[in-house]
Amino acid sequence: MTIEVTHEHLVVERRSPRVRRRRWEQRYRLVLLVADGSAAAVAAFVIHAAYGRWAVALVLPPTWIVAMLAHRSYDRSALGLGAEEYLRVLRGAVALPALAAGAYYLFTHDSGLFHDMIMATVPAVAIALSGRYLLRRRMHRRWARGRDRSATLLVGPSHGIVELVTVLRRGGVQELQVAGVCLSDPENATEIRKLGLPLLGGVDDMADVFRALGISTVAVLPAPEFDASVLRRMSWIAAVQGVDFLLAPVLADVSASRLAVRPTNGIPLVGIQAPNLSRISRVPKELLDRALAAVLLVFLALPMLLIALIVRLDSSGPALFRQQRVGRYGDHFTMLKFRTMRQDSEALRAELVHLNQNSDGLLFKVKEDPRITRVGSFLRRSSLDELPQLINAVRGDMSLVGPRPPLPEEVEEYTPDIKRRLLVKPGLTGLWQVSGRSDLPWDEAVRLDLGYVDNWSMGLDLSILLRTGSAVVRRTGAY
């Protein structure tokens, strides 16, 4: 699709990405259905080979598909997006033993079949999750090449659209492909043009843009002039033209798992679950953090000793750098890192203030910092300098995943809102690391940290840990 904006007139080549997207979704669901059936069949034959039970091979595949359908694992809202896709598979798998138990007591009374069905669930889950992971990777590669993406129109005020586009561009490849903008405040069009996006008119031009560009999704952002009647008309226009209608919430950075629609006297109210910050809810995270950190320390003991020796030989000073940082609830602790700078680095800091890359906030970061040693530069780019923080995790001062550990002088400048970062332990990695690290503006780093605090879950921690490896390899913001 080509787009050209000249003197406020729109010239386009008419195409229909919406039709292609619908066909692609149908193909994806069909492939997913076949993959799930195959996963159940393979798991059933594994059990048959072990126990000689043909009944499982006949019963498990259709039962598995029914369980996946019942838990809406083929809904468009779950395809390739977040951990919800995997959670629905797990919920359906948990239902299988219950179905097997019901069949045992009501029909067969065959304890062998009941046992084999439960045993077959484990390989079925492993194969189904692996299949979904591979299909998701394939889908993301197609999105990265510009295929099967949803041509999206953004409607709303300029400041909201700028924030949304900034977040979308930092989030990596995703389904929505912004095709243009309809502004509720056209006088601020300059901000949109700075983003390199086509300005396609105002709110009243929305229907014409749908037809001209073959828009498949419209995302409406909050604006004072968008009352209930205006939004209702927008949704009608979108429905008539077969366009998905998305309404961005006023309260951003809330995970989907915390949202629920509660109908009250015919009015759908959106409920937001309170952040999960209790000590009891975090006991599993605490245990996992310390156990996994201890295991990693055992495996990495020899490489860490080698790094310590190289640091000592490269420049004068200790191998470890110790610094006071602020942990949960404002408690201070001594954070450990491999030393990457000269011993007099703090004394030289005042001379480098004018080179600070984060002058918009409280952080102090300098690219090509002259205080960094030769070995220190490599350690920083590869994030190996942070390995001693595993000791902090074993001690309980830090977590594997959490906000960046701040300095005491930074915390003294925090506003009450930013102090919410201190409700959880700081982490070796976090959303700040997998999203750009030192290249992030201060406001964006704070937004990510606060979003982590409010939306924490074990699934989110696992997702960040999986993304950390690629972030380290890319070395984005590591200096």
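**Exercise 1.** In this predicted model, find the salt bridge between Asp148 and Arg142, then work out where Asp148 sits and what its backbone is doing.

*Solution.*
- Start with the side chains: those of Asp148 and Arg142 meet with an N to O distance of 2.4 Å.
- Next, look at cover. Both Asp148 and Arg142 are buried. For Asp148 the relative accessibility is 15%, so this residue falls in the buried class, where the cut-off is under 20%.
- Now place Asp148 along the chain: it belongs to the loop that runs between helix H4 (111–144) and strand E3 (150–156).
- Finally, check the backbone. Asp148 isn't a glycine, yet its phi is positive, at about 60 degrees.

**Exercise 2.** Go to Ser383 and ask: what is its phi, and is the residue buried or exposed?

*Solution.*
- Phi of Ser383 is near 65 degrees, which is a positive value in a residue other than glycine.
- Ser383 sits in the loop between helix H11 (374–382) and helix H12 (389–395).
- Its relative accessibility is 10%, so Ser383 counts as buried.

**Exercise 3.** Which parts of the chain does the salt bridge between Asp36 and Arg132 tie together?

*Solution.*
- Check the contact: the closest N and O atoms of Asp36 and Arg132 are 2.6 Å apart.
- Asp36 belongs to helix H1 (residues 17–51) and Arg132 to helix H4, so the pair ties together parts 96 residues apart in sequence.
- Asp36 and Arg132 are both buried.

**Exercise 4.** Try the salt bridge of Asp314 and Arg374: how many residues apart are the two?

*Solution.*
- The side chains of Asp314 and Arg374 meet at 3.1 Å, N to O.
- This pair links distant parts of the chain, with Asp314 in helix H9 and Arg374 in helix H11, 60 residues apart.
- Asp314 is buried, having a relative accessible area of 18%, but Arg374 is exposed at 68%.
- For the wider picture, the whole structure has 16 salt bridges, and Arg72, Asp75 and Arg88 are linked in a salt-bridge network.

**Exercise 5.** Which helix gives the most residues to the nonpolar surface patch?

*Solution.*
- List the members: Leu288, Leu292, Val295, Leu296, Val298, Phe299, Met458 and Leu465, together offering about 710 Å² of accessible area.
- Helix H9 (283–314) and helix H16 (458–474) are the elements that each give two or more of these residues.
- H9 gives the most, with six.
- Met458 lies in H16, and its 34% relative accessibility makes it partly exposed.

Terms used: Residues are numbered from 1 along each chain as its sequence is written. This is a predicted model: local features need pLDDT of at least 70, side-chain atom pairs count only at pLDDT 80 or more; totals for chains, interfaces and linings use all residues. Side-chain values use heavy atoms; hydrogens and water are left out. Helices (H or I, at least four residues) and strands (E, at least two) are DSSP runs, numbered from the N terminus. Buried means under 20% relative accessible area, exposed over 50%, partly exposed in between (1.4 Å probe, protein chains only). A salt bridge is a side-chain nitrogen of Lys or Arg within 4 Å of a carboxyl oxygen of Asp or Glu.
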